[in-house]
Amino acid sequence: MPEFRYVDMLPIGKDETPYRLLTTAGVELIDGPDGRKFLKVAPEVLTLLAETAMHDIAHYLRPAHLQQLRTIMDDPEASANDKFVALDLLKNANIAAGACYPCARTPAPRSSWASAVSRCSPTAPTSAR
(Lines give C-alpha, C1' and ligand atoms only; values in the text may rest on other atoms or scores of the structure.)
Protein backbone atom coordinates (compact mmCIF):
# COMPACT_ATOMS: atom_id res chain seq x y z
CA MET A 1 0.00 0.00 0.00
CA PRO A 2 1.45 3.41 -0.95
CA GLU A 3 2.39 5.79 1.84
CA PHE A 4 -0.02 8.69 2.43
CA ARG A 5 1.23 12.03 1.11
CA TYR A 6 -0.73 15.23 1.80
CA VAL A 7 -1.37 17.51 -1.19
CA ASP A 8 -3.22 20.84 -1.03
CA MET A 9 -6.50 20.53 -2.92
CA LEU A 10 -6.59 24.22 -3.75
CA PRO A 11 -3.00 25.45 -3.75
CA ILE A 12 -2.51 29.20 -3.73
CA GLY A 13 -0.47 30.43 -6.64
CA LYS A 14 -0.46 32.67 -9.66
CA ASP A 15 -3.79 32.68 -11.50
CA GLU A 16 -3.14 31.77 -15.14
CA THR A 17 -6.84 31.77 -16.10
CA PRO A 18 -7.69 33.93 -19.13
CA TYR A 19 -10.65 36.20 -18.37
CA ARG A 20 -12.85 38.31 -20.62
CA LEU A 21 -14.83 41.45 -19.87
CA LEU A 22 -18.59 40.97 -20.18
CA THR A 23 -19.67 44.53 -19.44
CA THR A 24 -18.86 47.64 -17.44
CA ALA A 25 -22.45 48.89 -17.47
CA GLY A 26 -24.17 48.46 -14.12
CA VAL A 27 -20.89 48.22 -12.21
CA GLU A 28 -19.55 51.09 -10.15
CA LEU A 29 -17.20 51.83 -7.26
CA ILE A 30 -18.94 53.64 -4.38
CA ASP A 31 -17.70 55.24 -1.17
CA GLY A 32 -18.50 53.40 2.04
CA PRO A 33 -17.96 54.08 5.71
CA ASP A 34 -14.48 54.91 6.97
CA GLY A 35 -13.35 55.85 3.46
CA ARG A 36 -13.64 52.29 2.23
CA LYS A 37 -14.60 51.60 -1.38
CA PHE A 38 -17.26 49.08 -2.37
CA LEU A 39 -18.17 47.56 -5.68
CA LYS A 40 -21.85 48.02 -6.52
CA VAL A 41 -23.15 45.58 -9.11
CA ALA A 42 -26.64 45.82 -10.60
CA PRO A 43 -28.79 42.66 -10.35
CA GLU A 44 -29.04 42.31 -14.13
CA VAL A 45 -25.23 42.25 -14.36
CA LEU A 46 -25.12 39.39 -11.85
CA THR A 47 -27.75 37.60 -13.95
CA LEU A 48 -25.63 38.11 -17.09
CA LEU A 49 -22.55 36.82 -15.28
CA ALA A 50 -24.37 33.72 -13.99
CA GLU A 51 -25.96 32.92 -17.37
CA THR A 52 -22.67 33.37 -19.21
CA ALA A 53 -20.76 31.29 -16.67
CA MET A 54 -23.25 28.43 -16.80
CA HIS A 55 -23.24 28.45 -20.61
CA ASP A 56 -19.45 28.47 -20.79
CA ILE A 57 -19.08 25.74 -18.16
CA ALA A 58 -21.57 23.55 -20.02
CA HIS A 59 -20.23 24.12 -23.54
CA TYR A 60 -16.54 25.04 -23.48
CA LEU A 61 -13.34 23.45 -22.23
CA ARG A 62 -10.75 25.70 -20.62
CA PRO A 63 -7.85 26.67 -22.88
CA ALA A 64 -5.45 24.82 -20.56
CA HIS A 65 -7.49 21.61 -20.94
CA LEU A 66 -7.57 21.96 -24.72
CA GLN A 67 -3.79 22.44 -24.67
CA GLN A 68 -3.38 19.24 -22.65
CA LEU A 69 -5.37 17.35 -25.28
CA ARG A 70 -3.29 18.94 -28.04
CA THR A 71 -0.11 17.90 -26.25
CA ILE A 72 -1.32 14.29 -26.14
CA MET A 73 -2.15 14.37 -29.86
CA ASP A 74 1.31 15.78 -30.69
CA ASP A 75 3.23 13.44 -28.38
CA PRO A 76 4.99 10.72 -30.40
CA GLU A 77 5.22 8.58 -27.25
CA ALA A 78 1.48 8.71 -26.52
CA SER A 79 -0.23 5.37 -26.98
CA ALA A 80 -2.91 4.81 -29.60
CA ASN A 81 -5.43 4.61 -26.76
CA ASP A 82 -4.26 7.96 -25.32
CA LYS A 83 -4.66 9.59 -28.72
CA PHE A 84 -8.06 7.95 -29.27
CA VAL A 85 -9.35 9.29 -25.94
CA ALA A 86 -7.91 12.77 -26.57
CA LEU A 87 -9.41 12.88 -30.07
CA ASP A 88 -12.80 11.74 -28.76
CA LEU A 89 -12.71 14.47 -26.10
CA LEU A 90 -11.86 17.04 -28.78
CA LYS A 91 -14.75 15.82 -30.94
CA ASN A 92 -17.11 16.11 -27.97
CA ALA A 93 -15.77 19.58 -27.19
CA ASN A 94 -16.43 20.61 -30.79
CA ILE A 95 -20.04 19.43 -30.62
CA ALA A 96 -20.57 21.02 -27.20
CA ALA A 97 -19.14 24.35 -28.38
CA GLY A 98 -21.87 24.40 -31.02
CA ALA A 99 -24.40 24.06 -28.17
CA CYS A 100 -26.37 21.54 -30.22
CA TYR A 101 -26.55 17.83 -29.59
CA PRO A 102 -27.91 14.86 -31.53
CA CYS A 103 -31.33 13.73 -30.38
CA ALA A 104 -31.01 11.24 -27.51
CA ARG A 105 -33.83 9.09 -28.94
CA THR A 106 -32.13 8.67 -32.31
CA PRO A 107 -28.40 8.63 -31.58
CA ALA A 108 -26.09 8.96 -34.54
CA PRO A 109 -23.58 6.15 -35.10
CA ARG A 110 -20.32 6.84 -33.25
CA SER A 111 -18.39 7.33 -36.47
CA SER A 112 -20.74 10.01 -37.75
CA TRP A 113 -20.16 12.70 -35.10
CA ALA A 114 -19.58 15.22 -37.89
CA SER A 115 -23.07 14.60 -39.26
CA ALA A 116 -24.45 15.38 -35.80
CA VAL A 117 -22.68 18.74 -35.95
CA SER A 118 -23.97 19.43 -39.46
CA ARG A 119 -27.56 18.74 -38.35
CA CYS A 120 -27.18 21.63 -35.92
CA SER A 121 -25.73 24.01 -38.45
CA PRO A 122 -27.69 27.28 -38.73
CA THR A 123 -27.72 26.77 -42.50
CA ALA A 124 -29.05 23.20 -42.30
CA PRO A 125 -32.73 22.79 -43.11
CA THR A 126 -34.90 22.65 -40.00
CA SER A 127 -36.05 19.12 -40.88
CA ALA A 128 -32.42 17.94 -40.73
CA ARG A 129 -31.92 19.21 -37.19
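The following legends describe three close-up views of a predicted model.

**View 1. The antiparallel hairpin of strands E1 and E2.** Strand E1 covers residues 27–31 and strand E2 covers residues 37–41. The two strands run antiparallel and are joined by 5 bridges. Within this pairing, Glu28 stands opposite Lys40 in E2. The hairpin has 5 residues between its strands, and Asp34 adopts a positive phi near 60 degrees.

**View 2. The largest pocket and its lining residues.** The volume of the largest pocket is about 630 Å³. Its lining comprises 17 residues, of which Thr17, Pro18, Arg20, Asp56 and Arg62 are the closest to the pocket centre. Helix H1 (43–59) and helix H2 (63–74) each contribute at least two residues to the lining of the largest pocket. The most is given by H1, with 5 residues. Classified by residue type, the lining of this pocket has 10 nonpolar, 3 polar and 4 charged residues.

**View 3. A nonpolar surface patch made by eight listed side chains: Leu22, Val27, Leu29, Leu39, Val41, Leu46, Leu48 and Leu49.** The patch has an area of about 670 Å². Strands E1 and E2 and helix H1 each supply at least two residues of the nonpolar patch. H1 accounts for the largest share, 3 residues. Leu22, also part of the patch, is found in the segment before E1. Helix H1 thus appears in two of the views, as it gives the most to the lining of the largest pocket and the largest share of the nonpolar patch.

Methods. Residues numbered from 1 in each chain as written. Predicted model: local features only at pLDDT ≥ 70, side-chain atom pairs only at ≥ 80, totals over all residues. Heavy atoms only, no water. Pairing = 2+ DSSP bridges. Helix = DSSP H or I, 4+ residues; strand = E, 2+ residues; numbered from the N terminus. 1 Å grid on protein atoms, 1.4 Å probe; cavity = no way out; pocket = protein on both sides within 12 Å on 5 of 7 lines; lining within 4 Å. Points joined across faces, edges and corners; volume = space filled by probe spheres on them. Nonpolar A, V, L, I, M, F, W, Y, C, P; charged D, E, K, R; others polar. Patch = residues over 30% accessible without salt bridge, like charges linked within 9 Å, V, L, I, M, F, W, Y side chains within 5 Å. Areas by Shrake-Rupley, 256 points an atom, 1.4 Å probe, with all protein chains shown as cover. Salt bridge = Lys/Arg side-chain N within 4 Å of Asp/Glu carboxyl O.
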